[in-house]
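Trainee: Could you take a close look with me at one part of this model, the place where two of its helices meet? I would be glad if you then set that part in the context of the whole chain.

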Amino acid sequence: MTPQTLTDMAVAVLSTHDGRTKTALSRAHAATWFAARAAGRDIPLGHAQPPLRPARPAQPVLLDPRDVPRRRPGSVQGRIALLHAVAHIELNAVDLHWDIIARFADIPMPLGFYDDWVKSADEESKHFNMICDCLEAMGSHYGALPAHAGMWRAAEDTAQDFMGRLAVVPMVLEARGLDVTPGMIEVFDRAGESAAVAAMQVIYAEEVHHVAYGSKWFHFLCGRHDLDPKTTFHDLVRRYFHGALKPPFNEEKRAEAGIPPDFYWPLSEAGSIQG
Ligand SMILES: [Fe+2]
Ligand SMILES: [Fe+2]
């Protein structure tokens, strides 16, 4: 059955177990949404309820982060493990973006809000597929190794708090991706793995936009509720994010994404604005 509303589409993606099937459906729904927008016959949002946790494949086995074997990027096996971890993050991100669409659909937002997250979900789906292609070219696949359990924790913790979700998911977790991706690109570049380098460069360029969408809509809601963005961000991250933010920060890309230094430095281990 073809979903009739955007929240139906979101729930269909969230309820799909297999990774490649999930991303194919995600991309098809994104294409349907944007084709309808371009034709001026917008798809209604509807009220479909997302599951508390998305469906996931039987493999990979999910382990406590402390029990996931350490990666040594100097070896092929280490690089496979690194790509596997990235694939896991991307699949989680597909679900996170569809989840924010469905979970908070009763809060009135401009249609551009949905455009941004549908586009992000489409890009995460592409990222997952690209990284899976790299893994398969290296003789592995998503599911071959254990992966972190608890990646959905941020979603569950903020299931009732729209601004908390925007603060923690795009503005903390995805911003962290901007900090660490250049180092990963270097690892694959040194190893001469050009397909992985190309995939990660696409991811790096597109992730800036996901962080920027988070910042844009967070500031929008602060304006709607007459809240100070910086102190509200600090309060929400302290409430929902467990632990300090880890420098070094990619200040340039964070700035490009609309996140100024006084948003993250006070939440870091150092705890004060530096440099
Ligand atoms: Fe991504
Ligand atoms: Fe992202």
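**A helix contact and its surroundings**

Mentor: Happy to. On the helix 2 side of the contact are Gly 19, Lys 22, Thr 23 and Ser 26, and they meet Leu 91, Val 94 and Trp 98 in helix 3. By character, the residues of this contact of helix 2 with helix 3 divide into three nonpolar, three polar and one charged. Please keep in mind that we are looking at a predicted model.

Now for the geometry. Two packed helices are described by the angle between their axes and the distance between the axes. For helix 2 and helix 3, the axes come within 11 Å and cross at roughly 40°. The two helices are therefore oblique to each other, and their crossing is left-handed.

Helix 2 and helix 3 also share a neighbour. The buried residues of helix 1 pack against helix 2 (19-38), helix 3 (76-103) and also helix 4 (111-137). Helix 1 spans residues 6-14, and seven of its nine residues are buried, so this helix is largely enclosed by the rest of the structure. If you would like to find them on screen, the buried residues of helix 1 are Leu 6, Thr 7, Met 9, Ala 10, Val 11, Val 13 and Leu 14.

Following the chain out of helix 2, you reach the loop between helix 2 and strand 1 (62-63), where Pro 60 has its place. Do stop there for a moment: Gln 59 and Pro 60 are joined by a cis peptide bond, with omega about 5°.

A second helix pair makes a good companion to the one you asked about. The axes of helix 6 (residues 162-190) and helix 8 come within 9 Å and cross at roughly 85°. That makes helix 6 roughly perpendicular to helix 8, whereas helix 2 and helix 3 are oblique to each other. From helix 6, the residues Met 163, Gly 164, Ala 167, Val 168, Met 171 and Val 172 take part, meeting Thr 232, Phe 233, Leu 236, Val 237, Arg 239 and Tyr 240 in helix 8. Here the contact residues divide into nine nonpolar, two polar and one charged.

The loops on either side of helix 8 deserve a look too. Before it, Asp 226 lies in the loop between helix 7 (194-224) and helix 8. Asp 226 has a positive phi of about 55° although it is not a glycine. This residue is exposed, with 6 other C-beta atoms within 10 Å. After helix 8, Pro 248 sits in the loop between helix 8 (229-240) and helix 9 (251-256). A cis peptide bond joins Pro 247 to Pro 248, again with omega about 5°.

Finally, let us step back to the whole. The protein chain has ten helices and two strands, running from the N terminus as α-α-β-α-α-β-α-α-α-α-α-α. Its radius of gyration is 18 Å, close to the 19 Å that the globule rule gives for 275 residues, so the chain is as compact as a globular protein of that length. The C-alpha atoms fill a box of roughly 50 × 50 × 30 Å along the principal axes. Of the 275 residues, 41% count as buried. Among the contacts with a separation of 6 or more, 77% come from residues 24 or more positions apart.

Note on methods: Residues are numbered from 1 along each chain as its sequence is written. Chains are lettered from A and ligands numbered from 1 in the order in which they are written. This is a predicted model: local features need pLDDT of at least 70, side-chain atom pairs count only at pLDDT 80 or more; totals for chains, interfaces and linings use all residues. A residue is buried if 20 or more other C-beta atoms lie within 10 Å of its own, exposed if 12 or fewer, and partly exposed in between; C-beta atoms are placed from the backbone. Helices (H or I, at least four residues) and strands (E, at least two) are DSSP runs, numbered from the N terminus. Two residues are in contact if their C-beta atoms, placed from the backbone, lie within 7 Å. The radius of gyration is taken over C-alpha atoms; the globule rule is 2.2 Å times the number of residues to the power 0.38. Axes are lines fitted to C-alpha atoms, for helices over the stretch in contact, and angles run from 0 to 180 degrees between N-to-C directions. Angles under 35 degrees count as roughly parallel, over 145 as roughly antiparallel, 65 to 115 as roughly perpendicular and the rest as oblique. A crossing is left-handed if the near helix is turned anticlockwise from the far one by less than a right angle, and right-handed if clockwise. Ala, Val, Leu, Ile, Met, Phe, Trp, Tyr, Cys and Pro count as nonpolar, Asp, Glu, Lys and Arg as charged, and the others, Gly among them, as polar.
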